[in-house]
Structures are given as structure tokens and as C-alpha cells.
Amino acid sequence: MELTVWGIITAIVVGLIVGALGRLVVPGRQNMPIWLHLLIGVGAALLGTVLARAIGIATETAGVDWGELLVQVVVAAIAVALVAGVGGRRRVTR
């Protein structure tokens, strides 16, 4: 299982996009800075690349590997929503 340069670059780009969108999708006020959303998105997208390759979805194609991209987006979106949701619940209101 080898990560290619394009797989890593794609994961970073997907992670940045999904991290930014995650801030917009999660309802309510979030006590997380935007850079944390982006960082979570990138990490989760990289994890999605590894996961796609481990289960055999990712293949070497001449164009866009839609299966790998789908796994990256799903994992990144779940991670951003989970962290934003957990971070929002820890807040104590008086």
C-alpha cells in the first residue's frame, strides 16, 4: 500500500474544501477556529486515502479516481461534523 504524490495532494485539497464546508454545514455557533476545521479535514482526507487503498477501492487511473475521492470526502465530512459537534457540546452556558 503506497501513497502517491497525487493521492496526497488530492487528499489535502479535498480536506481543505471539506473542512471549510464543514464549518458551514454544522448548525449553530462553533467554538473552533477555521484553521482547526481545515486541519481536521486534511487529516481525515489523508486517512480516507489510506482507507481506500487498504480496502482496494483506490486504483491507478489516468484521470480522477472517483472511488478514492468519494471515500476521502465521506471520511473528512464525518470527522469535521464529529469534532465540531463534540466541541460544541462541551460548552457550558450559564
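The following dialogue examines a predicted model of a single protein chain.

Trainee: How many helices and strands are there in the chain?

Mentor: From the N terminus on, the elements run α-α-α. The count agrees with that order, for the chain has 0 strands and 3 helices.

Trainee: Which residues does the UniProt annotation "transmembrane region" cover?

Mentor: This information comes from an unreviewed UniProt entry, and such annotations may be inferred rather than shown by experiment. According to that entry, the annotation covers residues 6-26, 38-57 and 69-88.

Trainee: How far apart do the end C-alpha atoms of residues 38-57 lie?

Mentor: Residues 38-57 form one of the spans that the UniProt entry annotates as "transmembrane region". In the model this span is 85% helix and 0% strand. The C-alpha atoms at its ends are separated by 25 Å.

Trainee: Which helix gives the most residues to the largest nonpolar core?

Mentor: The largest nonpolar core holds 14 residues, and those with the most contacts inside it are Ile40, Ala44, Ala45 and Ala76. At least two residues of this core come from each of helix H1 (5-25), helix H2 (34-54) and helix H3 (66-89). The greatest contribution, 6 residues, is that of H3.

Trainee: Is alanine 76 buried or exposed?

Mentor: Alanine 76 is placed in helix H3. Leaving out residues up to four places away in sequence, alanine 76 touches Val18, Gly41, Ala44 and Ala45. A residue counts as buried when its relative accessible area is under 20%. Because the relative accessible area of alanine 76 is 0%, this residue is buried.

Trainee: What is the C-alpha to C-alpha distance between alanine 76 and isoleucine 17?

Mentor: In sequence, alanine 76 and isoleucine 17 are 59 residues apart. In space, their C-alpha atoms are separated by 9.6 Å.

Trainee: With which residues is alanine 44 in contact, leaving aside its neighbours within four places in sequence?

Mentor: Alanine 44 is among the residues with the most contacts inside the largest nonpolar core. Once those sequence neighbours are set aside, the contacts of alanine 44 are Val75, Ala76 and Ala79.

Trainee: Does glutamate 68 count as buried or exposed?

Mentor: Glutamate 68 belongs to helix H3. The C-alpha atoms of glutamate 68 and threonine 49 are 6.2 Å apart, although 19 residues separate the two in sequence. The relative accessibility of glutamate 68 is 7%, and therefore this residue counts as buried.

Trainee: Is leucine 47 buried or exposed?

Mentor: Leucine 47 lies in helix H2. Its C-alpha atom is 7.5 Å from that of valine 75, which is 28 residues away in sequence. The cut-off for an exposed residue is a relative accessible area over 50%. Because leucine 47 has 51% relative accessibility, it counts as exposed.

Trainee: What is the area of the nonpolar surface patch that includes leucine 24?

Mentor: Leucine 24 is located in helix H1. With a relative accessible area of 71%, leucine 24 is exposed. The patch is made by Val5, Trp6, Ile9, Val13, Ile17, Leu21 and Leu24, and its area is about 760 Å².

Trainee: What percentage of the accessible surface of the chain belongs to carbon and sulfur atoms?

Mentor: The chain has 94 residues, of which 32% count as buried. Its accessible surface comes to about 6,100 Å², and the part belonging to carbon and sulfur atoms is 71%.

Terms used:
Residues numbered from 1 in each chain as written. Predicted model: local features only at pLDDT ≥ 70, side-chain atom pairs only at ≥ 80, totals over all residues. Heavy atoms only, no water. Helix = DSSP H or I, 4+ residues; strand = E, 2+ residues; numbered from the N terminus. Core = buried A, V, L, I, M, F, W, Y, C linked by side-chain atoms within 4.5 Å. Buried < 20%, exposed > 50% of the residue type's maximum accessible area, 1.4 Å probe, protein only. Contact = heavy atoms within 4.5 Å. Patch = residues over 30% accessible without salt bridge, like charges linked within 9 Å, V, L, I, M, F, W, Y side chains within 5 Å. Areas by Shrake-Rupley, 256 points an atom, 1.4 Å probe, with all protein chains shown as cover. Salt bridge = Lys/Arg side-chain N within 4 Å of Asp/Glu carboxyl O.
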